Amino acid sequence: KVAIKGIERELICPACKELFTHPLILPCQHNVCHKCVKEILFAFEDSLADGGSESSNQSSPRIRVSSSSMDRIDRISRSGIKRNSLTPRSTLFPCPGCQRDIDLGERGINGLFRNFTLETIVERYRQAARAAIAIMCDFCKPPPQESTKSCMDCSASYCNECFKIHHPWGTVKAQHEYVGPTTNFRPKILMCPEHEMERVNMYCEICRRPVCHLCKLGGSHANHRVTTMSTAYKTLKEKLSTDIEYLISKESQVKAHITQLDLLLKETECNSARAKQEASQSFEKLYRILEEKKSAALRAIETSKNIRLEKLQTQVEEYQGLLENNGLVGYAQEVLKETDPSCFVQTAKQLHVRIQKATESLKSFRPAAETTFEDFVVDIAKQEDILGDLSFHSNGLEIPEINEEQSRMYNKALISWECPGKMDSADIYVLEYHKLNREEESVTWQKTEVCGKSQVLSGLDDDSSYAFRVQGYKGSICSPWSQEVILHTPPAPVFSFLFDDKCGYNNEHLQLNPGRTSVESRAGFPLLLGSERLQIGCYTTLDYIIGDTGIAKGKHFWAFRVEAYSYLVKVGVVPNNKIQKLFHTTHDVTSPRYEQDSGHDSGSEDAFFDSSQPCTLVTLGMKKFFIPTTPGAPKDPASRILPLPSCLGICLDCDRGRVGFYDAGCMKCLYECEVDCSGIMYPAFALMGSAAVHLEEAVTAKFREYHNDI
């Protein structure tokens, strides 16, 4: 028999930190009070109406929303949900137990089960805690008597006399189920929250919740594996009993672990006291060094002051001697009174030298000492930075490394890092970054704290270089900074589009994925049948596909990946007035009307084909990037062939009439040329043989969460 008072920890709601009141079972299997669920969702919806202010999230004193939930509040409130006065309409709920966003489904709170078993246990705990407090009869005239039983059908408590009156013998009420005095009234039959008139009689093994037969027939559990309620009851009860028996059988081991943990607690206290003492000694050592430096600096300033004052005072006395009847002038006036020539000459020679020096100093006055102490200003800028980074360094916490291959700079920046070794990873990371600017003398790092090993940053300037570094923290212990990594943003804002599956799209040769972000050239039987009629010098098919969105003005950038096995791919832009020409000039070898030999020289056909291109394209294939033949291109053919980057980008500047082709990994321009932007420009792609092109996916916060899960 388990002591009720020993399980209080399991009966506390993770949201309000109080005993459960009408607990609901979330899809993640955690329990939260019904009132807490509504108040948390209302707080999220209020954050939308109040602009996401912090004050709106404190609408209920019962709810303690952690700071880590603020980001989720912002994400949910951006969905445009309006508050209903009775029931919150948000379907995403940040579980305070597992700190994850849980989808409550279309019915929201109404689709959650009440945990009646947990309610009963909480009620038993409350009764044990207030054993001296009696439950009074609900029907006695004042003063009420102490109740002796509670009716589960009437959801009320009665004394003996009132129970006889309201449940007379021989009536239907006499058949009601009654128990000892309680305030916890639970229904006899558990009904389905989605189909309120149906009782649950099955258990969904996928969703791990009771369901009714309508849920299985045509509801959300139609394709799920279910079992009968009796079978689920028996199976789960056997598993739970087995697990409990195993834990009880390991009671001695648990007690040994508790003893060990008690020793660790004491050891932690002793070690923390020792660590505090060592930290105090380290800082006291710094204090002593600073005091010594301070004393030495003050002594140097005092010595310099005394020397300067002495020089200036001597100069003051010298100039005072130049006054009439005072000092040197007074003495000279007395010497002039001497009438004996020999005596006068003897004294006047030395006196005349002094008078001349005084005259010269008077003509070019200069203080004997400087009054400023600029040479004694202490430069502590570097020391401030060092002391600002002063923290606990541990050999057990590894230096994180930024993974440049997994990091991306596109519409936003995704910075990923990892710890190469097997030591304990940090609890939290600090990511710092700054824009590289030669004009700025001092560097100002922007800082953000991250719980995972990747972070999405927005608001970075286009066509710029940024330096990134990361540092790990585990409690008060931090790792050294990682090596700085420099990444480059796209040269222009990112342009989003999908492949157009209507305009000129050849579904016999090209295959699009459902999201229209990837296209693959599949030759198949039509090309094989057409190749039977091919002769030397004839062209094969180029299948074109364009983007579904055009560009009329401004500067834009988009990126894509070409599969390494691709034989021939052409990429570029096409104006809207030449799209029809683009699709009609394609040589179709599969058509029965295709003429194998035009009768012209093959060289002249090549010249005509090159001069009649309706769009600006570059050629890719066989893991190579081919720079087009232009007057400004290198004459050596080998120098016009570059390795194919893993990710390519195109930058179209309609205002300047130029298009550039980039290595999107390092944002380096590989080739740039002029283009006629008089019309609306569309991204264009052409594939031949076996080839595939994938549009670069935009960086979003969900991408970071998915990446962290991986």
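**Close-up views: salt bridges and nonpolar cores**

The salt-bridge count in this predicted model comes to 16. The views below take up some of these pairs, then turn to the nonpolar cores.

**View 1. K447 and E432 form a salt bridge between two strands.** The N to O distance between the two side chains is 3.8 Å. K447 belongs to strand β17 (residues 446-450) and E432 to strand β16 (residues 428-435), so the bridge ties together parts 15 residues apart in sequence. The two partners sit in opposite accessibility classes. K447 has 59% relative accessibility and counts as exposed. E432 counts as buried, because its 7% relative accessibility falls under the 20% cut-off.

**View 2. R658 forms a salt bridge with E672 and another with E674.** For E672, the closest N and O atoms are 3.6 Å apart. This pair links strand β32 (residues 668-674), home of E672, to strand β31 (residues 658-663), home of R658. The separation in sequence is 14 residues. E672 is partly exposed, at 37% relative accessibility. For E674, the closest N and O atoms of the bridge to R658 are 3.9 Å apart. Here too strands β31 and β32 supply the partners, so the bridge ties together parts that are 16 residues apart in sequence. E674 counts as exposed, with a relative accessibility of 64%.

**View 3. A salt-bridge network links R408, R561 and E696.** Two arginines and one glutamate make up this linked set.

**View 4. The largest nonpolar core holds 49 residues.** W558, F560, L620, L652 and F685 touch the most other members. Strand β25 (residues 555-562) gives the largest share, 5 residues. Domain 3 (408-489) and domain 4 (510-532 + 539-586 + 614-695) both contribute residues, so the core lies between them. In soluble globular proteins, nonpolar side chains tend to be buried together.

**View 5. L652 makes contacts with residues beyond its sequence neighbours.** Neighbours within four places in sequence are left aside here. The contacts of L652 include I551, G554, K555, H556, W558 and V573. R658, V659, V675, C677 and M681 are also in contact with L652. Among these contacts, W558 is also one of the core members that touch the most others. R658 is the partner of E672 in View 2.

**View 6. A second core is separate from the largest one.** This core has 24 residues. Among them are L11, V32, C36 and F93.

Conventions:
Residues numbered from 1 in each chain as written. Predicted model: local features only at pLDDT ≥ 70, side-chain atom pairs only at ≥ 80, totals over all residues. Heavy atoms only, no water. Core = buried A, V, L, I, M, F, W, Y, C linked by side-chain atoms within 4.5 Å. Buried < 20%, exposed > 50% of the residue type's maximum accessible area, 1.4 Å probe, protein only. Helix = DSSP H or I, 4+ residues; strand = E, 2+ residues; numbered from the N terminus. Domains from an automatic or database assignment. Contact = heavy atoms within 4.5 Å. Salt bridge = Lys/Arg side-chain N within 4 Å of Asp/Glu carboxyl O.
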